[in-house]
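The following note sets out comments on the internal cavities of the model under review. Please read the points alongside the sequence and coordinates.

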Amino acid sequence: MTGLAASGWLALGCGVSHAADTTAHFTLQPRAVIDVARDRPGEDVVESWTWMRATAAGPARSGRWFLEVQADYVVLVGAPDAGDVEAAPNLWMGESGWAGDLGPVFVRAGHLVDRWGAMDLLPVTDVLNGQDLRAGPLVPIEHARVPAPMVRIETGQDQLRFGLVALPFGARSRVPLWGTDYSLVRQGMVEGLVDDAASWSTDPLLAERYRQLFTDLSNDLATLDAQTRRGLESALGTAGGPRPLYEAAELGLEAQSRLGPVDLAVTGAWLRSRVPAPRIDAGLQQALRDRTLPDTAALTGSESLVLPSAQSDRPRTWVAGLAAGTLLGSIGLRGETSYTHTAVLSEPWLDYATTPMWTTGVAIDRAASTRLSALIEGRWRHFTRPPPRAQLVGVPDQMEVAAGLRSTLARERLTIELGGLYDITFAELAAQPAARFRCSDTLDLGVGAVVLASPASPASTWEHLMDYRGGLIGYSSDTDAIWLDMRWLR
């Protein structure tokens, strides 16, 4: 969904200037988001996201150095009667490092984004970097990809060029796990589970003890501050990650060529899943499904020493891909296909399965003039051995179509943009219209909306989460909103 950002089909630059002089820039972009309907208890009715980005670049021996620091500050406001307000700052290194020639090879090293493939809205072979998913479709495109420590070595000429990418610590997406509108476990779900579990025991010797235990836990959750919850979320997100170097290291290979008017790229990678795959043991799954708690006999039996366990995995896979693109006059044609040996699919009751996956995508774009451009992309995913009850994806096949339109008016001071994604498999729609007005060379103002529609009801309770049958758009389709922002550049 981050691809629906208004100018999502514009490629990201590598952040390296080839000018001789040192340059520095700063961008500040505060955005206020207002939920248009209060249709779920605990939801955030107002959000404030402020993104900051500082970049600098300059000459270095045999090349250029470049430095980027990014930060955001988020404020989430719940319904007035709930009195729920939380705020959190985040600071991280953006694309930073050195790029230049070392003998016969060109090297980029540091904290980088390495973008593969030819498609923008529905990428197929762009698998190296993770994505920032914390704000769903609200994330600006320049903040969408998460840089990772890596080294890229290139050699060859324009007609045939080879690239090797090494990620010594791997990469991962920023996934919201708990307590926000776009989290996997949304507001109130954990609290609802704890309240329900207080009444699950029918053992006369333990029922009161269980009730008191879960009542105390419910009170603790009610008073849990946002910073502590976010710390727990961060720990859950990194749990199960491999140890550095010998377990976490990843590799990618790319060969680029030009055959007449056609640009070709063949890619391959050996990497881990960018999002964590949660799993709990069979006993705890059974307890959640049956709404039961251990009775006296179970606690005094041989199984009393076995505690329920939960884990978070990042399965490793290899991926092979092919991308091609060409121009026919003012029309651009692009296509990609890839094979993933071990794709991760979520299953009900906090479990996951793996399956091989084929993915194919095509794109057509046209610039009617310097003031009007349009883009449409389609993507088909086929899972060869899908589980019978996979969640959030269509099995065995899922088809999606995305489109973008951009027009500049008023002597290029006003820009009107529209991005949309339609999931054919689940009949779900996401759209993001936006307009920006450039007041000066350093300031522009924006207004837009996020519109989500699905025949499936959005997830609202713990049980609904465990057995959700809709798609990814429908899961949080109660977050329709309008937003206002400004962007200041220096």
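1. The second largest cavity of this predicted model encloses about 50 Å³ of space. Its lining is made up of Leu193, Asp196, Trp200, Leu288, Arg291, Trp349, Trp462 and Glu463.

2. Two elements each give two or more residues to the lining of the second largest cavity: helix 1 (189-197) and helix 6 (462-466).

3. In terms of residue class, the lining of the second largest cavity holds 5 nonpolar and 3 charged residues, with no polar residue present. The charged class takes in Asp, Glu, Lys and Arg, so Asp196, Arg291 and Glu463 are the charged members of this lining. The nonpolar members include Trp200, Trp349 and Trp462.

4. The largest cavity has a volume of about 60 Å³. It is lined by 13 residues, of which Val33, Glu47, Asp181, Thr479 and Ala481 are the closest to its centre.

5. Strand 1 (23-35) and strand 2 (44-60) are the elements that give two or more residues to the lining of the largest cavity. Of the elements involved, strand 2 gives the most, with 4 residues.

6. Which classes of residue make up the lining of the largest cavity? This lining divides into 7 nonpolar, 1 polar and 5 charged residues. Among the residues closest to the centre of the largest cavity, Glu47 and Asp181 belong to the charged class, while Val33 and Ala481 are nonpolar.

7. For the model as a whole, the count of cavities of 30 Å³ or more comes to 3. The two described above have volumes of about 60 Å³ and about 50 Å³.

Technical notes
Residues are numbered from 1 along each chain as its sequence is written. This is a predicted model: local features need pLDDT of at least 70, side-chain atom pairs count only at pLDDT 80 or more; totals for chains, interfaces and linings use all residues. Side-chain values use heavy atoms; hydrogens and water are left out. On a 1 Å grid over the protein atoms alone, a cavity is a set of points where a 1.4 Å probe fits but cannot get out, and a pocket is an open set with protein on both sides within 12 Å along at least five of seven lines; lining residues have an atom within 4 Å of a point. Grid points are joined across faces, edges and corners, and a volume is the space filled by probe spheres set on the points.
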